[in-house]
Amino acid sequence: MANILRWNAVLTAAFSWRGRIGRLRFAAYVLHQAAWIGVLAVCTVGVTVESGTFAYATVEWVMRIAALAWLAGTGALWCGAIKRCHDMDMRGWWSLSLLVAAPLVLIFLLLVPGSKGENRFGPAP
């Protein structure tokens, strides 16, 4: 039961857009997402290359699972970007700028320090 409660807390923290996170924790979100994409790419390419020995339905299911995993990772990264905007005392809507210029926005979120002390989104991380 304790493990279930721990996982619940981890998932709640990862997929919540309330509060603030610092640059280091956001860097962890970004690195986790990059690693996750790498693992998914290796898995999907490996299954696609070996598709001659696998049934087509197996390849299709692997691709679907990879797509769902990618969406979950991207959702967690997006929530992290919202909390990072909150740390800089900006509304979370600014995270939508990731759709326009993702590399520049990620660099901005990683390099610009947050506001000192408490702001309208909560206490400092």
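**Exercise 1. Neighbours of Ala-66**

Work out which residues Ala-66 touches, not counting residues up to four places away in sequence.

*Solution.* Ala-66 touches Leu-40 and Thr-44 once those sequence neighbours are set aside. Keep in mind that you are working with a predicted model. Next, place the residue: Ala-66 sits in helix H3. For a distance, take Cys-43, which is 23 residues from Ala-66 in sequence and 8.3 Å away in space, C-alpha to C-alpha. The last step is accessibility. Ala-66 has a relative accessible area of 11%, and buried means under 20%, so Ala-66 is buried.

**Exercise 2. The chain as a whole**

Describe the helices and strands of the protein chain, then say what share of its residues is buried.

*Solution.* Start with the elements: there are four helices and zero strands. Read from the N terminus, their order is α-α-α-α. Now turn to burial, where 29% of the 125 residues in the chain count as buried. For the surface, the chain exposes about 8,500 Å², and carbon and sulfur atoms supply 74% of that area. Finally, look at contacts between residues at least 6 apart in sequence: 75% of these join residues at least 24 apart.

**Exercise 3. The largest pocket**

Find the volume of the largest pocket, and state which elements give two or more residues to its lining.

*Solution.* One general idea helps here: a probe the size of a water molecule, rolled over the atoms, reveals where empty space remains. In this model the largest pocket holds about 270 Å³ of space. Its lining consists of 15 residues, and the ones nearest the centre are Ala-14, Phe-15, His-32, Gly-73 and Ala-76. Helix H1 (2-14), helix H2 (23-49) and helix H3 (56-87) each give two or more residues to this lining. Sorting by class, you get twelve nonpolar, three polar and no charged residues.

Now follow Ala-76 to a partner. The C-alpha atoms of Ala-76 and Ala-13 are separated by 9.2 Å, although the two residues are 63 places apart along the chain. Ala-13 belongs to helix H1. Leaving aside neighbours within four places in sequence, Ala-13 is in contact with Tyr-29 and Lys-83. Its relative accessibility of 43% makes Ala-13 partly exposed.

**Exercise 4. The second largest pocket**

List the residues that line the second largest pocket, then follow Ile-37 and Trp-70 through the structure.

*Solution.* The volume comes to about 190 Å³. The lining is made of Val-30, Gln-33, Ala-34, Ile-37, Trp-70, Thr-74, Leu-77, Trp-78, Leu-98, Ala-102 and Leu-106. At least two of these residues come from each of H2, H3 and helix H4 (98-111). By class, the lining has nine nonpolar, two polar and no charged residues.

Ile-37 and Trp-70 both appear in that list. Ile-37 lies in helix H2. From C-alpha to C-alpha, Ile-37 and Trp-70 are 6.8 Å apart in space, with their positions 33 residues apart in sequence numbering. Is Ile-37 buried, partly exposed or exposed? With a relative accessible area of 37%, Ile-37 is partly exposed.

**Exercise 5. Two cysteines**

Determine how many disulfides the model contains, and decide whether Cys-79 and Cys-85 are buried or exposed.

*Solution.* The test asks for a pair of cysteine sulfur atoms within 2.5 Å. By this rule the count is zero disulfides. For accessibility, Cys-79 has a relative value of 9% and therefore counts as buried. Cys-85, at 2%, is buried too.

**Exercise 6. A backbone angle to look at**

Locate Asp-89, then report its phi angle and its accessibility.

*Solution.* Asp-89 is found in the loop between H3 and H4. Its phi is near 60 degrees, which is a positive value in a residue other than glycine. To finish, check the surface: partly exposed covers the range between the 20% and 50% limits, so Asp-89, with 33% relative accessibility, counts as partly exposed.

Key. Residues numbered from 1 in each chain as written. Predicted model: local features only at pLDDT ≥ 70, side-chain atom pairs only at ≥ 80, totals over all residues. Heavy atoms only, no water. 1 Å grid on protein atoms, 1.4 Å probe; cavity = no way out; pocket = protein on both sides within 12 Å on 5 of 7 lines; lining within 4 Å. Points joined across faces, edges and corners; volume = space filled by probe spheres on them. Nonpolar A, V, L, I, M, F, W, Y, C, P; charged D, E, K, R; others polar. Buried < 20%, exposed > 50% of the residue type's maximum accessible area, 1.4 Å probe, protein only. Contact = heavy atoms within 4.5 Å. Areas by Shrake-Rupley, 256 points an atom, 1.4 Å probe, with all protein chains shown as cover.
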